Amino acid sequence: MIIDAHVRLGRGREVVLEPEALITSMDRLGIDKALVAPDERCIAVDDREGNDRVAAAAAASGGRLIPYAVANPWRGARAVDELRRARDAGARALCVDSVLQGFDLLDGLLDPLLEFARDAGWFVYVRTGTPPSALPLPLASLARRFPDVAFVMGRSGATDFWIDAAPALRYAGNLFGDTCYAPWDTVLAALAADPEIGASRLVFSTDSPYTVPEAELSRVTDWPITDTERAEVLGGVVGRLLG
Amino acid sequence: MIDFHTHTPSWRTSSWLGGVSFGADEFVGFMDVAGIERAVVLSHDGLFDPSPSTNDDLAAFVAEFPDRLLGFGTVHPRLEGAPEEVARMMGPLGLRGLKLHPWLQGFSMHEASLDPICEVLAAEGGMLLSHDGTPPYSTAGQIAALARRHPTLPVVLGHGGLHDTWREALTLVSETENLYLCICGTPPYAAREILAKAPPHKVLFGTDAGLSDRVSQDYAVARVREIEGWGITPEQKQAMLVDNPRALLDGAR
């Protein structure tokens, strides 16, 4: 079972991915399922429209697409209401992008959404990278405040904050790394070899449509790890996070 | 193709960049597998210990394959004698340019100590390649400000803005006559956008090879292979991989 842990559907500033194209790509690459989030605009401001779109795409996919829910935490209680509505429409996890949504991971705005995720049994994907509001270590601190919620460190800090990925994963045991963009022969191998981390703390994603999906899958299939470890990275771990 | 961003092993320093050691013959073997004809090889140890001996090591490495490898040494701008070392790099050592990594080496591109260094580099027909894409010391705007102070010196953004500052890199390359951009670690969608909008003669490509846990530099081979999936035209590919780096390297001497 190969599960792509993060894809965005719709039109971004420089990218576009419609459900039909995603399913075609998944068929070509042998990817069984994909977790799909709305596009950049919907993550930032039009969360309801985005949640409806990914719910519709998932409903029409025969179980191949699994929807994330998004809600801008600046909307407060209305954001939680939107997550509840998205859950009722089929959403299975929360997707967060503090850069697009304009908040700091530690400013408290996200807390009500995380409480909802905890109560719903959702894991939470958080996009990380270079921006000060999206760094791996603050995410680890946030994850420690919500020990009953699993967090995926989207992009694992790519690229220069890869140096913080391992310390973040060590600091928060409920935090999971993401394989996209990370070379197996530098970053991923180091994370998997770390006795406090290991392959069972990594999830595969293509981060489509920002990447070349074949290349993202190849970085895991080319990686000389055991079949058991590969199965964990490609789908086992995120399958358990989905419950 | 010409790979405009590779590294020697780290022979003397232990760093988080890690990687296995390899010889020049093994590196050329990787290049053959990846289809790379020539490579710009950047100082590695020198980023942590910018002493002249690290430039000597780099020069010895590239001298084993002078038709395939071109070395870019380094200095720390605040150290006495840095301009003279640049002259030695470009003269007796036969290196072709200067690599700076401002956040790793710990200085700002606005420091006046960089000016005599850049003056020597320009006079010797060299060029500057700087790490970019990482605040607080390595943004395209900061590097472009240095480039504007030295308009006859070709300056290359070594990473095309990486994931979070590539739009800034694209803007500054378009605005700054002597600023070039190497797509290296830049995500595919950004690479495609850069190639569509940047001045066509200013875009280069690099793999960042040399940091792998394996002599075969697997991630670098994969990065070359990945280009086929970017969705760019044959003309863009030819310019980025062959024509632009060749013109820049040939024009700098």
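This is a short walk through a predicted model, going from the overall build of chain B to some backbone details in chain A.

Let us begin with chain B as a whole. Its secondary structure comprises 11 helices and eight strands. Along the principal axes, the C-alpha atoms of chain B occupy a box of roughly 50 × 40 × 35 Å. If you like a quick check on compactness, the radius of gyration offers one: a compact globule of 253 residues would come out near 18 Å, and the 16 Å of chain B agrees with that. Burial can be read alongside this, as 62% of the 253 residues in chain B count as buried. The contacts of chain B also reach far along the sequence: among those between residues at least 6 apart, 74% join residues at least 24 apart.

Now for the outside of chain B. The exposed area is about 8,900 Å², and carbon and sulfur atoms supply 53% of it. As for charge, chain B carries 19 positive and 32 negative side chains, with the centres of the two sets 5 Å apart.

For a closer look at packing, please turn to helix α8 of chain B, residues 166-175. Its buried residues are B:W166, B:A169, B:L170, B:L172 and B:V173. An α-helix has 3.6 residues a turn, so residues three or four places apart point the same way. With that spacing in mind, you can follow the list along the helix, starting at B:W166 and going on to B:A169 and B:L170. What do these buried residues pack against? Their partners, also in chain B, are two helices, α7 (140-149) and α9 (188-197), and two strands, β6 (155-157) and β7 (179-183).

Over to chain A, where an unreviewed UniProt entry annotates residues 49-236 as "domain: Amidohydrolase-related". In the model this span is 44% helix and 13% strand, and its end C-alpha atoms lie 31 Å apart.

One residue to select here is A:F176, in strand β9 (residues 175-178) of chain A. Is A:F176 buried or exposed? It is buried, because its relative accessible area is 12% and the cut-off for burial is under 20%. Leaving aside residues up to four places away in sequence, A:F176 touches A:A150, A:F151, A:V152 and A:M153, as well as A:L169, A:S200, A:R201, A:V237 and A:L241. For a sense of distance, A:A93 is 83 residues from A:F176 in sequence and 14 Å from it in space, C-alpha to C-alpha.

The backbone of chain A rewards a look at its torsions too. Most residues other than glycine have a negative phi, and most peptide bonds are trans. Two loops hold exceptions. In the loop between β8 and α8 of chain A you will find A:S156, whose phi is positive, near 50°. A:S156 is buried, with a relative accessible area of 1%. That loop, between β8 (151-154) and α8 (165-171), also contains A:T159, and the peptide bond leading from A:A158 to A:T159 is cis, with omega near -5°.

The loop between β10 and α10 of chain A is the other place to visit, and A:D207 sits there. A:D207 has a positive phi of about 50° without being a glycine, and it is buried, with a relative accessible area of 0%. A:P209 is found in the loop between β10 (202-203) and α10 (213-221) as well, and the bond from A:S208 to A:P209 is cis, with omega near 10°.

How values were computed: Residues numbered from 1 in each chain as written. Chains lettered and ligands numbered in written order. Predicted model: local features only at pLDDT ≥ 70, side-chain atom pairs only at ≥ 80, totals over all residues. Heavy atoms only, no water. Buried < 20%, exposed > 50% of the residue type's maximum accessible area, 1.4 Å probe, protein only. Helix = DSSP H or I, 4+ residues; strand = E, 2+ residues; numbered from the N terminus. Contact = heavy atoms within 4.5 Å. UniProt positions renumbered as here; feature names shortened; annotations may be inferred. Rg over C-alpha atoms; globule rule 2.2 N^0.38 Å. Areas by Shrake-Rupley, 256 points an atom, 1.4 Å probe, with all protein chains shown as cover. Lys, Arg positive; Asp, Glu negative; His and termini not counted. Charge placed at Lys NZ, Arg CZ, Asp CG, Glu CD.
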